[in-house]
Amino acid sequence: MRESFLDAPSALTRARAIMHDLADWTALPWPQLKPVTTAEQYAHALQAFDTARIYGNQGRPGVGAALDELRRQSVITFDNEEPNSSFAGYLRLRPDLAELWPLPEGLTLTLDSALPFGHPYSEPDENCTEEELDQMVSVLGPLTLNVRWDCGWRGLPEFKDCGVQLCLNSVWLEQIAKPSPGEFGVWVSLGPRVAWTPEGEAWLRDSGLPLGEPQQGW
């Protein structure tokens, strides 16, 4: 179930308010920053970041040529001195690299190892504090960030797969978040065992949440 908002901070505020008002407990947020896939996102990254994580497969069309150009400009370093067909490393961000966008399929650039989204030794799917999430949203711009909180809804008999999904510059479709620039939404999940029961329907009605049509959750 979904609400839509004008910007990322408004959606984040609303997600927290829903949990504060309706949940008995809430887990730490689980943020997932999506790769930099557009020239607009790359231009934004240039304003706030020096380096980004890059990985891919040299066997995919266009990846080898793009990698050769990055080597020629001496802006890429690899985890291994001699990268195999599958490689990972760090890219030094420069304005002239914008000419490479859009990147070929099979080449991925991400900021999930750069503060505030993470650090070089962090795992991509780590939980964070609410304060760290605030910092992420403050520098988000056109980047895509999805955040999930597991929680226990007050008055429901179980909390398996219950929670809130926050989609920033994306939308929730068919159990997966899809990038959608400029769209910010909050989805509420009651869990598959409860969502379609009379008990779940009564909870939604009594919650007073102005939600849209039901759809598949997670």
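**Strand pairing and backbone geometry**

In the predicted model, strand S5 is joined to strand S6 (residues 86–92) by three bridges, and the two strands run antiparallel. Two facing pairs can be named along this ladder: Ile76 stands opposite Leu91 in S6, and Thr77 stands opposite Tyr90 in S6. Strand S6 is also joined to S4, here by seven bridges, and this pairing is again antiparallel. Within it, Gly56 stands opposite Phe87 in S6.

These pairings belong to an open sheet of four strands, arranged in the order S5-S6-S4-S7 with antiparallel pairing. The edges of the sheet are formed by strand S5 (76–78) and strand S7 (107–110), each of which pairs on one side only. From one strand to the next, the twist averages 30 degrees. In general, the strands of a sheet pair through hydrogen bonds of the backbone, in either a parallel or an antiparallel manner.

Helix H3 (residues 63–72) lies across this sheet, over strand S4 (51–57), S5, S6 and S7. Relative to S5, helix H3 runs at about 110 degrees. The loop between H3 and S5 contains Ser74, a residue other than glycine whose phi is nevertheless positive, near 55 degrees. Ser74 counts as exposed because its relative accessibility, 53%, is over the 50% cut-off.

A second positive phi is found at Asp161, where the angle is about 60 degrees although the residue is not a glycine. Asp161 occupies the loop between strand S8 (145–153) and strand S9 (162–173). With a relative accessible area of 26%, Asp161 is partly exposed, since this value falls between the limits of 20% and 50%. Most residues other than glycine have a negative phi, and most peptide bonds are trans.

Cis peptide bonds occur at two prolines, Pro102 and Pro116. The bond that joins Trp101 and Pro102 has an omega of about 0 degrees, and Pro102 is located in the loop between S6 and S7. The bond from Leu115 to Pro116 has an omega near 5 degrees. Pro116 is placed in the loop that follows, between S7 and helix H4 (130–138).

Ala48 belongs to helix H2 (residues 39–48). Its relative accessibility of 47% lies under the 50% limit for exposed residues, and Ala48 therefore counts as partly exposed. Between Ala48 and Pro61 there are 13 positions in sequence, and their C-alpha atoms are 30 Å apart in space.

Considered as a whole, the protein chain comprises five helices and ten strands. Its C-alpha atoms fill a box of roughly 60 × 30 × 30 Å along the principal axes. Among contacts with a sequence separation of 6 or more, 68% are accounted for by residues 24 or more positions apart. Of the 218 residues, 45% count as buried. The chain exposes about 11,500 Å², of which carbon and sulfur atoms supply 51%. The chain carries 16 positive and 31 negative charges, and the mean positions of these two sets are 3 Å apart.

Methods. Residues numbered from 1 in each chain as written. Predicted model: local features only at pLDDT ≥ 70, side-chain atom pairs only at ≥ 80, totals over all residues. Heavy atoms only, no water. Buried < 20%, exposed > 50% of the residue type's maximum accessible area, 1.4 Å probe, protein only. Contact = heavy atoms within 4.5 Å. Areas by Shrake-Rupley, 256 points an atom, 1.4 Å probe, with all protein chains shown as cover. Lys, Arg positive; Asp, Glu negative; His and termini not counted. Charge placed at Lys NZ, Arg CZ, Asp CG, Glu CD. Pairing = 2+ DSSP bridges. Axes fitted to C-alpha atoms, helices over the stretch in contact; angles between N-to-C directions.
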